[in-house]
Amino acid sequence: MDFIDYNYKPTPALPKYPPVRIVLPEPSHWLDREIVHFLRDQPEAVPTWSMANAVAAALNPPNRSKLRELKLQVLCRITPLVRTRYLRRVGRKYIALR
């Protein structure tokens with residue numbers, strides 16, 4: 001004994017739209033632009049310190065103290081970029097472009 005409902009009609013499938021990527025203007029601070037340009041080249045989330053080291057090294061500081069100062073400036077610029085939604089945090093230690 002089979003229970004077949006001959007009047008059954010499956011619900012229509014919803015249309016699939018491509019994801020919308022919001023294009024933000026370039027950040028106004030010069031260090032923010034360096035961070036965003038670095039993260040655009042990365043295919044996935046990057047550890048925070050690796051990003052800070054790479055961005056600071058790319059600016060070719062003349063000595064170690066300037067390098068340390070640049071790293072601290074890069075780390076300080078992360079929170080404003082997250083708040084303005086240029087970046088997003090992935091877990092505790094990773095940063096990715098939004």
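**Close-up views of a predicted model**

**View 1. The hairpin of β2 and β3.** In this predicted model, strands β2 and β3 form a hairpin in which 3 residues lie between the two strands, and Gly-91, found in the turn, has a positive phi of about 70°. The two strands run antiparallel, and 4 bridges join β2 to β3, which covers residues 94-97. Across the hairpin, Val-90 stands opposite Tyr-94 of β3, while Leu-87 stands opposite Leu-97, which also belongs to β3.

**View 2. The open sheet of 3 strands.** The hairpin strands belong to an open sheet of 3 strands, whose order is β1-β3-β2 and whose pairing is antiparallel. Its edge strands are β1, made of residues 46-47, and β2, made of residues 87-90, and each of these pairs on one side only. As a general point for reading such a view, side chains in a regular strand alternate between the two faces of the sheet.

**View 3. Helices lying across the sheet strands.** Helix α1 lies across β1, β2 and β3, and runs at about 85° to β3. Helix α3, which spans residues 64-83, lies across β2 and β3, running at about 105° to β2.

**View 4. A nonpolar patch on the surface.** Val-20, Ile-22 and Leu-24 form a nonpolar patch on the surface, and together they have about 330 Å² of accessible area. Val-20 is placed in the segment before α1, the helix of residues 30-40. Is Val-20 buried or exposed? Val-20 counts as exposed because its relative accessibility is 76%, and the cut-off for exposed residues is over 50%.

Technical notes
Residues are numbered from 1 along each chain as its sequence is written. This is a predicted model: local features need pLDDT of at least 70, side-chain atom pairs count only at pLDDT 80 or more; totals for chains, interfaces and linings use all residues. Side-chain values use heavy atoms; hydrogens and water are left out. Patches are made of residues with over 30% relative accessible area and no salt bridge: like charges are joined within 9 Å, nonpolar side chains (Val, Leu, Ile, Met, Phe, Trp, Tyr) within 5 Å. Accessible areas come from the Shrake-Rupley method with a 1.4 Å probe; for residues, only the protein chains shown count as cover. A salt bridge is a side-chain nitrogen of Lys or Arg within 4 Å of a carboxyl oxygen of Asp or Glu. Buried means under 20% relative accessible area, exposed over 50%, partly exposed in between (1.4 Å probe, protein chains only). Two strands pair if DSSP finds at least two bridges between them. Contact means heavy atoms within 4.5 Å. Axes are lines fitted to C-alpha atoms, for helices over the stretch in contact, and angles run from 0 to 180 degrees between N-to-C directions.
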